[in-house]
Amino acid sequence: MAAFPWHARSRNYVSESEVYKLESVPLDFGDYHPLKPITVTESKTKKMSRKGSTSSTSSSSSSSMMDPLSSVLDGTDPLSLFAAAADPVTTTSTMDSTRKKRDKDDSSAVGSDFEPWSSKRSEILARYTTTEKLSINLYMGSEKGKAATPGSAVSEKVRTRLEELDDLEEGSQKELLNLTQQDYMNRIEELNQSLKDAWSSDQKVKALKIVIQCSKLLSDTTVIQFYPSKFVLITDILDTFGKLVYERILSMCMDNRASLPDNFSPESVNDTAKETCLNWFFKIASIRELIPRLYVEAAILKCNKFLSKMGISECLPRLTSMIRGIGDPLVAVYARAYLCRVGMEVAPQLKESLNKNFFDFLLTFKQIHGDTVQNQLVAQCVEIPLYLTLYSPAIDWILQCIAYRAPEVLLTEMMERCKKLGNNALLLNSVMSAFRAEFIAARSMDFIGMIKECDESGFPKHLLFRSLGLNLALADPPENDRLQILNEAWKVITKLKNPQDYINCAEVWVEYTCRHFTKREVNTVLADVIKHMTPDRAFEDAYPQLQSIIQKVITYIHDFSLLFSVEKFLPFLDMFQKECVRVEVCKCIMEAFIKHQQESTKDPVILNALLHICKTMHDSVNALTLEDEKRMLAALINGFIKMVSFGRDFEQQLSFYVEARSMFCNLEPVLVQLIHSVNQLAMETRKVMKGNHSRKTAAFVRACVAFCFITIPSLSSIFARLNLYLHSGQVALANQCLSQADAFFKAAVSLVPEVPKMINIDGKMRPSDSFLLEFLCNFFSTLLVVPDHPEQGVLFLVRGLLNVIQDYTWEDNSDDKIRIYTNVLHLLSAMTQETYIYHVDKVDSNDTLYGGDSKFLAEINKLCETVIAQILDHLKTLGKEELI
Amino acid sequence: MGTALDIKIKRANKVYHCGEILSGVVIITSKDTVQHQGISLTMEGLVNLQLSAKSVGVFEAFYNSVKPIQIINSTIEMVKPGKLPSGKTEIPFEFPLHMKGNKVLYETYHGVFVNIQSQKGKLMPSPVDFTITPETLQNVKERASLPKFLIRGHLSSTNCIITQPLTGELVVENAEAAVKSIELQLVRVETCGCAEGYARDATEIQNIQIADGDVCRGLPVPIYMVFPRLFTCPTLETTNFKVEFEVNIVVLLHDDHLITENFPLKLCRM
């Protein structure tokens with residue numbers, strides 16, 4: 001085989017770069033150059049500022065030291081206090097202005113600030129449950145929906161329909177007994193479905209029957225604790241029905257395919273549609289029983305729009321007073337809630353009937369303590385406090401409708417009326433949950449007074465305090481009352497015996513405490529929670545609440561040195577003994593830390609606490625942990641590691657990394673981060689010493705290098721290892737640790753044969769060649785400046801690498817190997833130059849070592865020839881393939 | 001085969017008054033052409049005495065003597081004999097509504113005894129206040145065993161316009177026993193008679209519950225009832241028959257005591 005001698009063109013990099021390079025613009029980094037070393041003057045100010053404070057200000061970043069404010073930053077700095085005080089003012093004022101703006105908008109539509117029924121719905125279903133057996137009692141007539149034959153006289157048709165309606169009473173009775181709650185819900189859902197089916201198959205009468213029968217169920221108060229949920233389920237059906245009827249009549253109004261505009265007037269409705277609509281109302285008016293008649297008419301209230309402009313405004317008051325006929329106060333209040341709900345949906349501008357509903361309710365309030373109700377409760381073995389809570393969803397809803405954009409005067413009036421009824425706790429609670437938080441907060445002391453006066457035997461007091469707390473979390477009470485409010489409230493809360501009641505209350509009040517008070521109060525509150533929740537391991541049943549307490553504390557206290565100086569914070573964490581919850585909490589804390597910690601820290605309190613927390617997270621990793629979970633934990637721990645800085649105390653920094661390595665050895669991304677951090681530390685040292693290591697720093701740098709060298713092999717990802725070897729080798733080289741650098745590169749070379757064909761990236765197997773190619777090119781660029789080892793042969797590393805490439809089993813028919821060889825040619829050509837294109841500071845590369853020695857050049861040329869021969873061979877095979 | 005006939009009347013609510021013109025279309029749909037002997041439309045209005053199962057015997061005496069009274073009868077020929085094309089054919093028609101001779105056109109009505117067709121009157125509001133206590137009740141055997149109660153209320157008017165609801169208020173001031181239900185019962189009283197005697201029959205035509213359960217004492221409960229369109233007509237008094245209406249307020253107590261208060265109504269159409 002003929003050899004092709006290779007002669008590299010000699011190049012003058014300096015003149016070339018002068019010709020070709022872009023014009024350079026001088027860059028002024030000023031004081032804020034991120035890599036600017038710390039100066040001696042700064043260290044002096046640091047000493048001074050650190051004397052009196054133990055806070056986290058002692059960070060090494062130069063920019064922070066320039067900031068006069070941060071040197072006294074321990075939570076009480078005047079500027080941030082001022083900012084904190086100014087913040088709520090601006091936000092409330094902007095809120096006010098937007099609210100005013102919204103008020104000017106069409107008042108007939110309910111805005112997005114009105115909490116919709118749908119959000120209450122699931123809450124009620126979740127809260128009011130029962131284990132008792134339920135029953136559904138339906139009197140469905142035989143299916144005569146299609147009985148009316150077309151063509152018969154109209155009057156007869158109508159008559160049969162009416163007879164069918166009457167049939168409901170006499171028809172076959174279907175009673176389903178012994179249903180569990182889930183069965184019951186399924187049944188109701190079935191009914192909902194059969195309503196839709198009946199409607200779509202044009203059996204309107206059957207549909208009406210179903211709706212009537214369903215609403216009849218609402219007059220039944222057996223298993224009373226389930227009543228609120230039953231109400232939710234059945235009013236769903238009514239809503240469906242109302243929508244179907246409305247849409248049906250609306251579709252009849254379509255003239256020439258153009259549907260009516262949203263706010264049509266009754267004049268534009270044609271006679272047929274009006275007549276159909278009227279028919280519905282007549283049919284409903286003839287329903288015998290009060291409750292179904294009321295509910296079904298309320299369900300199609302919107303249809304009044306087809307008949308007359310005033311229809312709804314006449315109908316609502318009539319329906320409102322009709323409810324007075326309902327004897328059972330619970331049934332009545334839910335009927336009122338439904339009417340208010342429909343009213344708000346259809347005609348929110350008609351506030352009058354909302355108010356009337358509430359006042360009527362107040363008038364009938366005494367019934368709750370009447371004999372009829374009491375007898376019923378005794379029969380069902382339901383305690384009065386439980387019974388009273390059943391009213392809450394309905395009253396809350398009615399009051400919410402009333403309070404929506406209501407003037408202050410009205411709210412005050414409502415409150416006065418409630419007061420007159422002997423400070424009834426039930427009403428008080430609903431007032432607090434329905435009215436605007438600002439309104440409640442401004443009168444907090446009054447409310448506390450009222451709550452205290454409430455009767456012990458009635459509505460549970462802890463719910464009252466909880467409601468008040470919820471308001472105070474949203475709006476601020478007057479400045480002067482704040483401490484007194486907390487004291488008064490906590491006095492009562494701390495006396496709660498039942499841990500569940502207690503924690504539900506405490507959870508809410510923690511937010512108020514964090515919002516307005518200092519670490520001392522927060523500490524006291526946390527201590528109290530610990531005291532209450534520890535006996536009998538009560539905390540086990542209260543993890544969500546405890547978690548939410550932590551959540552609230554960390555949303556308000558962003559200064560972590562302050563947070564961890566709250567003595568009871570860590571003991572509080574100890575209550576999370578179930579591992580998954582514990583890890584969840586740790587994650588929350590770490591997230592908050594990464595989000596809010598602005599400066600790096602070396603505060604031992606923070607470090608200890610966070611190391612402990614990170615350790616907890618790390619220790620939760622096991623064989624079953626999901627990849628995503630691991631990645632997330634690793635990211636959090638990495639975030640922490642990056643925030644730790646001991647300033648110029650590099651030794652301490654290194655020992656921290658060593659400690660971290662021993663702690664987090666199961667999470668690879670953390671190890672990778674540690675290696676990078678240590679490398680960075682070495683470079684930092686070099687920068688401080690301006691490249692001239694003293695004996696001490698040289699030893700320290702070697703320690704860093706050693707750290708990397710022993711850590712890298714423990715990684716499993718091959719490319720991570722390769723790249724880190726290369727990277728650490730470069731760092732070692734930059735720090736004049738030549739033999740260490742050699743070791744890294746040798747390790748990298750010997751690792752290349754192990755690169756598999758396919759690697760797993762994000763759960764998918766992908767070919768590794770492009771990664772390998774990239775790495776090798778990178779490696780070659782480094783090899784240019786690596787000086788030869790005196791005891792090894794010329795270009796020992798390059799030869800080694802070439803051998804490895806030669807032996808590596810490449811994909812058949814791939815050009816990868818040849819592509820690498822061409823890059824090797826680049827490297828070899830660059831090596832023959834008199835002066836290399838780049839150097840590592842204080843390291844003599846081969847150009848200086850050999851000084852263009854002809855033997856060295858000949859050696860390189862020989863290598864070139866071999867490589868070229870390989871390339872040509874490949875070209876030949878390619879040519880052959882082409883021919884075939 | 002497959003020929004369908006339908007009569008559609010123009011007015012959606014199908015209510016026509018004396019002197020107006022009834023108009024509509026006859027719709028014939030068929031697949032094939034239809035041979036026919038002419039199409040004519042007849043409108044007939046009758047007062048007819050029907051025998052109810054309840055009163056067999058009472059009526060038979062004079063049943064035969066009362067023939068159906070015809071009050072309106074007109075026929076128009078719409079199409080001469082011939083063929084109708086396949087598909088849908090619409091033939092419009094108009095009828096003037098005129099009384100036959102001196103007969104009055106009554107309102108359409110379906111009763112047990114009487115079926116009538118179409119009337120007018122004048123109405124003076126006549127409010128009624130009422131109080132029900134054990135003492136006001138008639139038909140009581142043992143007044144002593146009755147629980148004490150006081151129910152007050154009023155009806156806005158016993159002279160009612162048939163298209164307007166019956167309204168009023170009712171207050172249970174006090175009651176020893178718990179109230180189970182309060183209902184409004186609309187009763188129709190039909191009287192048929194001739195020289196030989198007369199028969200009277202009262203039928204419940206609608207029952208509306210206005211209170212369910214033990215209502216709050218002292219709180220007015222609304223009385224509100226829409227008159228059913230098919231089973232009511234203006235109060236009617238002719239030589240041969242009478243149709244009158246009454247409303248009963250029925251209070252059902254928990255110990256199954258039933259208290260009823262009766263109010264005759266006068267219905268009319270304005």
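A polar contact is a pair of N or O atoms within 3.5 Å; within protein, one must be able to donate a hydrogen and the other to accept it. In this predicted model, 12 residue pairs are in polar contact between chain B and chain A, with both partners at pLDDT 80 or more. Strands β15 (197-212) and β16 (221-225) of chain B each supply at least two residues of the side of chain B that touches chain A. The largest share comes from β15(B), with 7 residues. By class, that side of chain B has 15 nonpolar, 6 polar and 6 charged residues.

The contact set pairs 27 residues of chain B with 32 residues of chain A. The size of an interface is often given as the accessible area lost when the parts come together. Here, the area buried between chain B and chain A is about 2400 Å². Carbon and sulfur atoms give 59% of that area. On the chain B side, the greatest losses to chain A fall on B:Gln209, B:Leu219 and B:Arg229. Together, these residues account for 23% of what that side buries.

Charged side chains also meet across the interface. The rule finds 2 salt bridges between chain B and chain A. In one salt bridge, A:Arg288 meets B:Glu183, with an N to O distance of 3.3 Å.

Over all chains, the count of salt bridges comes to 30. Within chain A, A:Arg121 forms a salt bridge with A:Asp236. Their closest N and O atoms are 2.5 Å apart. The pair links distant parts of the chain, with A:Arg121 in helix α5 and A:Asp236 in helix α9 of chain A. The two residues are 115 residues apart.

Aromatic pairs number 36 over all chains. One of them joins A:Trp117 and A:Phe231. The ring centres are 6.0 Å apart and the planes stand at 90 degrees, so the pair of A:Trp117 and A:Phe231 is edge-to-face. A:Trp117 lies in helix α5 (residues 117-127) and A:Phe231 in helix α9 (residues 227-252) of chain A, so the pair ties together parts that are 114 residues apart in sequence. Helices α5 and α9 of chain A are thus linked by an aromatic pair and by a salt bridge.

Confidence was examined for the complex and for each chain. The predictor gives the complex an ipTM of 0.77 and a pTM of 0.65. Chain A has a mean pLDDT of 79, and 83% of its residues reach 70 or more. Chain B averages 75, with 73% of the residues scoring at least 70.

Some stretches score under 50. In chain A, pLDDT stays under 50 over residues 40-77, for which the model has 38 contacts beyond four places in sequence. Residues 141-159 of chain A also stay under 50, with 18 such contacts. Among the elements of chain B, strand β9 (residues 114-116) has the lowest mean pLDDT, 41, and β16(B) the highest, 90. Over residues 110-122 of chain B the pLDDT is below 50. That stretch of chain B has 61 contacts in the model beyond near neighbours in sequence. Where pLDDT is low, the predicted coordinates should not be read in detail.

Technical notes
Residues numbered from 1 in each chain as written. Chains lettered and ligands numbered in written order. Heavy atoms only, no water. Contact = heavy atoms within 4.5 Å. Buried area = accessible area lost by both parts, 1.4 Å probe. Salt bridge = Lys/Arg side-chain N within 4 Å of Asp/Glu carboxyl O. Polar contact = N/O pair within 3.5 Å; in protein donor to acceptor, adjacent residues only side chain to side chain. Helix = DSSP H or I, 4+ residues; strand = E, 2+ residues; numbered from the N terminus. Nonpolar A, V, L, I, M, F, W, Y, C, P; charged D, E, K, R; others polar. pLDDT = per-residue confidence, 0-100. Phe/Tyr/Trp six-rings, centres within 6.5 Å; stacked < 30°, edge-to-face > 60°.
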